[in-house]
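Work through these exercises with the sequence and the structure side by side. Each task comes with a step-by-step solution.

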Amino acid sequence: MAALPQYSYIFGIAIVFAFLDAWNIGANDVANSFATSVSSRSLTMLQAMTIGAIMEFSGAVLAGSRVAGTIKSGIIAVDSFEGKPSVLMLGMLCALIGSSVFLTCATKIGLPVSTTHCIIGGIIGVGFATVGPNGVDWSWEGVSQVFAAWFIAPMISASFGAILFLLTKFTVLKAKNPLMRGMMSIPIYFAITSGILTMLIVWKGAASLNLDDWGTAPTAGTIFGVAGGVALLAGLFIVPYTYVRLIKEDWRLKPWDAVKGPFLLRRDQAPPIPEGVELVPDYYRGHRTKEELEQHGAAAVATPPSDEETTHPAEKGLAVVPLAPTSSIESMSAETPAPIQGKWWEPRNLWKSTVWFFFRGVMKDVVSAQTSNKRPTFIERILVGKNLEKKHAIVTRYDNRVEHLYSILQVMTAATASFVHGANDISNAMGPLSAVYQVWTTNNVSSKSEVPLWILAFGGGSIALGLWTYGYKLMQNLGNRITLHSPIRGFCMELGAAITVVLATRLALPVSTTQCIIGATVGVGLCSGEIKAVNWRVVCWSYFAWFVTLPSTAIIAGSIMAFTINAPQWTRPE
């Protein structure tokens with residue numbers, strides 16, 4: 001029974017905007033976990049969205065904060081609202097409105113922003129409108145951490161990403177036999193990635209387990225035990241599979257053959273690879289090298305361009321390159337549902353409309369959109385700029401067979417990053433909602449409150465839905481539009497970002513997963529040895545978005561709050 005039934009409408013509206021905020025978190029932040037995997041062709045869009053939806057929901061429910069601060073990061077003191085708890089309800093609603101409105105606009109134009117800083121900005125605006133600027137915690141424990149995170153998070157994740165890539169480059173890629181060296185490194189990297197995921201679960205505590213009282217020894221034993229177990233499984237099943245597939249060139253292998261483990265080594269020699277069958281995908285397909293660019297330029301000079309060629313979008317905006325025909329799997333993931341004839345609400349079209357709504361977002365060909373022949377939009381010209389093809393040509397290409405090894409690892413790193421994101425960012429939308437729920441049911445305010453499991457599940461489902469339906473929008477603007485991606489580079493980017501987020505979660509720092517993945521992408525991109533390998537226009541626009549996020553959401557939330565609490569009391573006419 002609600003303690004404040006007269007304010008049930010505030011609770012109802014808060015649920016709506018909490019859903020919108022969480023939906024936008026999924027739609028905007030999905031690129032943080034899977035843009036690199038899709039851009040490097042390690043995963044198709046459908047595969048990435050399926051894994052992402054499961055991991056985002058699992059992270060939110062299993063590792064989301066069950067005892068969370070209702071006021072995100074202690075930005076404002078709840079003591080000021082003890083006499084009027086309903087004002088706190090209204091304030092958290094306004095914070096959700098400010099965050100969700102700004103996030104919706106940013107997601108629509110494809111601008112990567114920090115969803116963490118969105119809700120913090122909204123709470124700051126509410127603080128200004130209620131308790132004044134002196135009531136906002138500007139210390140390191142409050143807002144100062146947010147400002148510092150703009151610089152600390154990208155730098156740390158860039159360092160981790162660069163270190164991982166350089167370590168892989170000089171121990172694997174530069175070895176005499178990089179393929180064999182790469183297979184030897186697989187169990188090690190699987191152990192590192194699984195250990196990071198275990199750290200998050202143990203340190204934060206799962207909702208269904210009482211892990212708060214664990215000591216150092218059980219915690220360390222669990223982390224190293226899981227990492228060692230996963231490394232053993234990788235050595236028993238993944239290594240034999242990749243050896244037979246890549247060294248013995250057995251093109252007949254199916255993914256489920258991996259369960260045979262060491263028995264695969266006794267497999268007979270495969271016949272020659274038939275024409276048209278690829279042993280591994282060409283992960284650099286559609287991206288020209290320097291030599292190919294020079295040859296293309298010479299051919300263009302020798303042959304006068306036609307009228308259509310003079311209006312090529314490469315001369316009007318993005319530098320693009322036509323892609324070769326996609327593989328069957330990629331073609332399946334890029335197919336869009338059949339167009340609907342007539343009105344969508346007609347009974348004969350209801351099923352087609354439902355399919356279109358739920359699968360349109362996962363059938364997008366993101367890689368082709370990043371290097372498309374279509375005329376770029378005005379927003380794309382501003383955000384991405386020109387000469388993208390030349391930036392890709394700078395990046396060194398490696399053996400596709402070695403790259404394929406890390407495509408397997410990238411699936412795990414992407415899933416880990418997605419799980420971490422669901423656990424770390426669920427409080428952005430559900431923290432304020434839990435504050436509203438607490439006041440509505442108890443008529444009391446508290447800086448800490450028990451977050452009901454249904455709120456975590458509601459938030460996790462909303463994030464997964466946003467990822468599934470509209471996540472492609474941000475994925476198009478990241479990935480290859482910052483620097484050329486491949487499975488090796490994408491693996492280092494994702495693992496570097498995941499390490500940063502896990503450390504920040506442990507230290508209770510409000511870092512943004514957007515900042516972490518972009519920082520790691522830049523760090524790996526700079527390892528090419530040339531600063532021009534990174535598209536700094538996208539990076540600068542991302543930084544600009546981070547800076548305007550906090551004041552924008554603060555203005556929206558603060559204005560709504562100020563107008564509401566200061567509005568005159570009207571009466572109905574008799």
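Buried means under 20% relative accessible area, exposed means over 50%, and partly exposed lies in between, with a 1.4 Å probe and protein chains only as cover. This is a predicted model, in which local features need pLDDT of at least 70, side-chain atom pairs count only at pLDDT 80 or more, and totals for chains, interfaces and linings use all residues. Residues are numbered from 1 along each chain as its sequence is written, and side-chain values use heavy atoms, leaving out hydrogens and water.

**Exercise 1. Find the salt bridges and classify their partners.**

Step 1. Start with the idea: side chains of opposite charge can pair when their charged atoms come close. The rule asks for a side-chain nitrogen of Lys or Arg within 4 Å of a carboxyl oxygen of Asp or Glu.

Step 2. Count them. The structure holds 4 salt bridges.

Step 3. Take aspartate 250. Its side chain meets that of arginine 252 at 3.1 Å, N to O. Aspartate 250 has a relative accessible area of 1%, so it is buried. Arginine 252 has 31%, so it is partly exposed. Asp250 and Arg252 also belong to a salt-bridge network with Arg267.

Step 4. Take aspartate 257. It pairs with lysine 260, and their closest N and O atoms are 3.4 Å apart. Aspartate 257 is buried because its relative accessibility is 7%. Lysine 260, at 40%, is partly exposed.

Step 5. Take arginine 401. Its partner is aspartate 399, at 3.3 Å from N to O. Arginine 401 counts as partly exposed at 28%. Aspartate 399 counts as partly exposed at 33%.

**Exercise 2. Decide whether cysteine 527 is bonded or unbonded to its closest cysteine.**

Step 1. Recall the cut-off: a disulfide is a pair of cysteine sulfur atoms within 2.5 Å.

Step 2. Check the distance. The closest cysteine sulfur to that of cysteine 527 belongs to cysteine 492, 8.3 Å away, so the gap is too far for a bond.

Step 3. Check the cover. Cysteine 527 is buried, at 12% relative accessible area. Cysteine 94 is buried too, with a value of 2%.

Step 4. Give the total. The rule yields 0 disulfides.

**Exercise 3. Describe helix α3.**

Step 1. Set the term. Helices are DSSP runs of H or I with at least four residues, strands are runs of E with at least two, and both are numbered from the N terminus.

Step 2. Compare spans. The expected span is 1.5 Å times one less than the number of residues. Helix α3 covers residues 85–109, 25 residues in total, and reaches 37 Å from its first C-alpha to its last, close to the expected 36 Å.

Step 3. Look at cover and exit. Of the 25 residues in α3, 19 are buried. Glycine 110 follows α3, with a positive phi near 80 degrees.

**Exercise 4. Locate the nonpolar cores.**

Step 1. Apply the rule: a core joins buried Ala, Val, Leu, Ile, Met, Phe, Trp, Tyr and Cys residues through side-chain atoms within 4.5 Å.

Step 2. Find the largest. It has 73 residues, and Met49, Tyr406 and Met475 have the most contacts inside it. Helix α19 (residues 487–507) gives the most to this core, with 10 residues.

Step 3. Find the second. This separate core has 55 residues, including Ala2, Val445, Val451 and Ile455.
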